[in-house]
Every structure is written in structure tokens, then in C-alpha cells.
Amino acid sequence: MSRPVVVFADLEQDAADFFASWLAGRDEPVAAGVVVHIRTPEVRPSKLVTIRRAGGSGSYLLDVPRFAVTCWHDSDVQTADLCALVRAGFYAMRGWRGFRGVRSMTGPVPAPDTDGAPRYLLTAEITCKGATP
């Protein structure tokens, strides 16, 4: 007897969808007008969060994606605040679409963009349980 197939959703897009909705519902001024994507658009908005899967680990039933997050905002202080808010948001993901545990890996870390724009980075891992189709 073979084990059932376990599949995982597009966790990168799920995380981006979560943050787009979550940030839009926040009262903090730094969250106002922030755009969330999985890739940096050709014309980068001044207030942007990108969330990319950057590896991870897993097992038969669990996927543990590592997400690399990049935040831009109008000033260094606002960018740092946005990145800290996003870091907190990872903990708000627990229970959403199979997301279970959270582990903050690095950041927020300042990393000015090549054009001098304020930019901060962080990485986090989420544990997610798969589903059988």
C-alpha cells in the first residue's frame, strides 16, 4: 500500500497575499499605501514589500519555506518600522492556510538599494502542513 500524495500550495504567493491583506488592514501609518509583490516591479513603488521563497526544508507532511523579505519606504526610519511590522506579521500568520510555526532568522537589517533608496531585509521560516488532494 502506498502513502497518499501530499501537496503544498504556492506558499510564496500565499505569503504575499497574506501580507497584502494584513498590511492594508493595519492602523500604523507606515503600513498605508504599501504594495506587496513576490517580485520587484520594473517601476518600483516607493512603499514596497517583496516576499520571495529562498529555500527552506521539509518532510513528507511539512514544508518549511524560508522567505527573504525586502522592504522599501520613504525614509530609513519608515523602512525600518515597516520591516519590523512585517517581521511581527509573520507571527500573525499562524493558523492561516495551514501555516503553523514561525521562526525569525535574520533582520531587520539595513541594506540601502543601489540607487540609494532606503531598504531593509529580513528572513523568516514558516512551518506549513501539506494536504492530500
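In this predicted model, a convenient place to begin is Arg26, which sits in the loop between helix H1 and strand E1, the latter spanning residues 35–37. Arg26 has a relative accessible area of 33% and is therefore classed as partly exposed, since that value falls between the 20% limit for buried and the 50% limit for exposed residues. Its side chain makes a polar contact of 2.8 Å with the side chain of Glu28, and, once residues up to four places away in sequence are set aside, Arg26 touches Ala31 and Leu85. Although Arg26 and Leu85 are 59 residues apart along the chain, their C-alpha atoms are separated by 9.6 Å.

Leu85 leads on to helix H2, where it is one of the buried residues, together with Thr79, Leu82, Cys83, Val86, Gly89 and Phe90. Viewed down the axis of H2, these buried residues fall within an arc of 160°, so they line one face of the helix. A general feature of helices bears on this pattern: an α-helix has 3.6 residues a turn, so residues three or four places apart point the same way. H2 itself has 17 residues and reaches 25 Å from its first C-alpha to its last, close to the 24 Å expected at 1.5 Å a residue. The cover over the buried residues of H2 includes H1, E2, E3, E4 and E5.

Two of those buried residues, Val86 and Phe90, reappear among the residues with the most contacts inside the largest nonpolar core, a group that also holds Phe19, Leu23 and Val49. This core has 30 residues, and the elements that give two or more residues to it are helices H1 (11–24) and H2 (76–92) and strands E2 (48–58), E3, E4 (99–110) and E5 (119–129). The largest share, seven residues, comes from H1. In soluble globular proteins, nonpolar side chains tend to be buried together. Leaving aside residues up to four places away in sequence, Phe90 touches Phe19, Phe67, Val69, Val102, Leu122, Ala124 and Ile126.

Ile126 is also touched by Val64, a residue of strand E3, which covers residues 62–72. Val64 counts as buried because its relative accessibility is 15%, which is under the 20% cut-off. Apart from Ile126, and again not counting residues up to four places away in sequence, Val64 touches Arg53, Gly55, Gly56, Ser57, Gly58, Glu125 and Thr127. The C-alpha atoms of Val64 and Ile51, which are 13 residues apart along the chain, are separated by 15 Å.

Methods. Residues numbered from 1 in each chain as written. Predicted model: local features only at pLDDT ≥ 70, side-chain atom pairs only at ≥ 80, totals over all residues. Heavy atoms only, no water. Helix = DSSP H or I, 4+ residues; strand = E, 2+ residues; numbered from the N terminus. Buried < 20%, exposed > 50% of the residue type's maximum accessible area, 1.4 Å probe, protein only. Contact = heavy atoms within 4.5 Å. Core = buried A, V, L, I, M, F, W, Y, C linked by side-chain atoms within 4.5 Å. Polar contact = N/O pair within 3.5 Å; in protein donor to acceptor, adjacent residues only side chain to side chain. Expected span 1.5 Å × (residues − 1). Arc of directions from axis to C-beta.
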